Amino acid sequence: MEEEARKLLEEGIRKKLVSPGKGELSTFPNGTKVVFHYRTSLCNGTVLDDSRTMGGRSKPMELILGKKFKLAVWERVIITMRQGEIAEFTCDTKHTALYPLVSQSLRNISVGKDPLEGQRHCCGIAQIHSHHSLGHKDLDHLQAHPEALVFTIELLEVLPPGSFQLDVWAMTDQEKLELVPQMHEEGNSLFKQGKIAEATEKYYNGIACLKNLQMKEHPGDEAWIKLDLMITPLLLNYCQCKLLQGQYYEVIEHCTSLVFKYEDNVKAYYKRAKAHASVWNEAEARADFAKVLQLDPSLGPSVAKELRAMEERIRTKEKEEKGRYKGLFNCSAPPATATTG
C-alpha cells in the first residue's frame with residue numbers, strides 16, 4: 001500500500017484512506033465495470049459535485065475501465081481501491097483540466113438533459129481554450145482558472161468483464177446504431193401502456209446515442225444529416241411525453257430547434273403550439289396553430305378543439321383574476337375620526 005501511495009504521489013495524486021474496504025484488491029482488467037459514489041471539492045472545501053445529491057437523487061457513477069473516459073485520473077485512482085473502500089484523492093491541476101466538461105455532462109444527465117448539450121463540435125482541449133460558457137458559473141471559473149481538486153470516492157461494486165450487460169455509452173458506434181430502433185419501439189410500447197416516465201427514458205437514451213454519434217461528424221455533412229433525421233422522430237416522441245408531464249418550456253425549446261432546421265415539420269409546430277397555450281403564450285400559440293393549418297389543413301378539427309380549450313382556459317383565468325381584484329378594491333378603509341386637542 002505504501003508503494004502504491006508513493007507512486008501516486010510521484011504522479012501528483014495524494015491519497016488519504018477514510019475507510020478501508022474488504023477482500024483482495026482486484027486486478028481491474030480492461031472491461032471491468034466499477035460503480036462508485038463521488039464528491040468533488042476544491043482544496044478549500046467548497047463542494048462542486050456530489051453524486052449522492054446531484055439532480056435531487058442519489059445515483060452512483062459507473063465506468064467501464066479501458067474505454068478512455070475523458071477524466072483519466074478517476075480510472076487511475078480507482079484501481080488502487082478495494083470494494084467498499086472510501087478514500088480522498090487530491091489531484092494536481094494536470095489531472096483535473098477536463099473536469100469542467102465532465103461535470104457539465106454529468107449535471108446534464110442528472111436533470112435529464114443531453115449530456116453533450118452546450119458543448120461545441122470540437123475536442124475537449126479546444127473547448128478548454130475557448131471562451132464558451134458551460135452554463136455554470138463555478139465550472140466557467142474552474143475552466144478559466146484550473147486548480148487542484150479533491151475527489152472523495154466510495155467504491156461500491158467491481159464487476160468483472162462479461163458479468164454484466166454493457167451500458168449504451170460503452171458500446172461501439174455500430175452497436176449503438178443497431179440498438180436505437182429497439183429503444184424507439186420499446187418507448188412506443190411503454191407509451192401505449194401509459195408508462196410515460198419509462199417511455200421518456202427510452203426516447204432520451206435513443207437520442208443520446210445518436211447525438212453521441214453525431215458529435216463525431218461535421219454539421220451539415222451527409223452522415224450528420226442522416227443521424228439528425230433519425231433523432232427527429234425520437235425527439236418528437238420525447239416532447240409528447242414532456243407535454244404530458246407538464247414540462248412545457250422544455251417542449252418549446254426542443255420544438256423550436258426542430259422548426260429552425262425543418263420548417264415544414266407540422267408535428268413540431270403542433271406540439272410547440274400546445275406548449276405555448278399551456279403557459280399562456282396566446283399569440284405564440286395562435287401563430288403556431290396557424291402554421292399547422294397552413295402545412296396540413298386536414299388538422300383543422302384538432303386545431304379548432306385546441307383553440308377552444310385555450311380560449312376557455314383564458315376566460316376562466318380572467319374571471320378568477322377579476323374576482324380577486326374586485327375583492328381587493330372592495331376592502332375600503334374605515335372613515336377617519338376627527339379629534340380635538
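How are helices α11 and α12 oriented relative to each other? Keep that question in mind while moving through this predicted model, and begin by selecting residues 266–278, which form helix α11, together with residues 282–295, which form helix α12. The two helices pack at an angle of about 155 degrees, and their axes are 8 Å apart. Since angles over 145 degrees count as roughly antiparallel, α11 and α12 are therefore roughly antiparallel to each other. Their crossing is left-handed.

To see what makes this contact, show the side chains of V266, Y269, Y270, R272, A273, K274, H276 and A277 on α11, and then those of E284, A285, D288, F289, K291, V292 and L295 on α12. Coloured by class, the contact of α11 with α12 would display nine nonpolar, one polar and five charged residues.

Next, widen the selection to residues 266–299, the range that an unreviewed UniProt entry annotates as "repeat: TPR". Over residues 266–299 the chain is 79% helix and 0% strand, and a distance label placed between the end C-alpha atoms should read 10 Å.

Now step back along the chain to helix α9, residues 222–244, and helix α10, residues 248–261, whose axes come within 9 Å and cross at roughly 155 degrees. That crossing angle makes α9 roughly antiparallel to α10, and α9 passes α10 in a left-handed crossing. On the α9 side, the contact is made by D228, T232, L235, L236, Y238, C239, K242 and L243, while α10 contributes Y248, E250, V251, H254, C255, L258 and K261. By class, the contact of α9 with α10 has nine nonpolar, two polar and four charged residues.

The next selection is helix α7, residues 173–192, with helix α8, residues 196–214; here the axes come within 8 Å and cross at roughly 160 degrees. That angle makes α7 roughly antiparallel to α8, and the crossing in which α7 passes α8 is left-handed. Among the contact residues to display are L177, V180, M183, L190 and F191 of α7, and I196, Y203, C209, L210 and L213 of α8. The contact of α7 with α8 has, by class, 11 nonpolar, six polar and five charged residues.

For the last stop, turn from helix packing to rings, of which a search of the whole structure finds nine aromatic pairs. Select Y38 and W74, which form a tilted aromatic pair with 4.9 Å from centre to centre and 50 degrees between the planes. Which elements does this pair connect? Y38 lies in strand β2, residues 33–42, and W74 lies in helix α2, residues 72–78, so the pair ties together parts that are 36 residues apart in sequence.

Note on methods. Residues are numbered from 1 along each chain as its sequence is written. This is a predicted model: local features need pLDDT of at least 70, side-chain atom pairs count only at pLDDT 80 or more; totals for chains, interfaces and linings use all residues. Side-chain values use heavy atoms; hydrogens and water are left out. Axes are lines fitted to C-alpha atoms, for helices over the stretch in contact, and angles run from 0 to 180 degrees between N-to-C directions. Helices (H or I, at least four residues) and strands (E, at least two) are DSSP runs, numbered from the N terminus. Angles under 35 degrees count as roughly parallel, over 145 as roughly antiparallel, 65 to 115 as roughly perpendicular and the rest as oblique. A crossing is left-handed if the near helix is turned anticlockwise from the far one by less than a right angle, and right-handed if clockwise. Contact means heavy atoms within 4.5 Å. Ala, Val, Leu, Ile, Met, Phe, Trp, Tyr, Cys and Pro count as nonpolar, Asp, Glu, Lys and Arg as charged, and the others, Gly among them, as polar. UniProt positions are given in the numbering used here, feature names are shortened, and annotations may be inferred rather than shown by experiment. Rings of Phe, Tyr and Trp (its six-membered ring) pair if their centres lie within 6.5 Å; planes under 30 degrees apart count as stacked, over 60 as edge-to-face and the rest as tilted.
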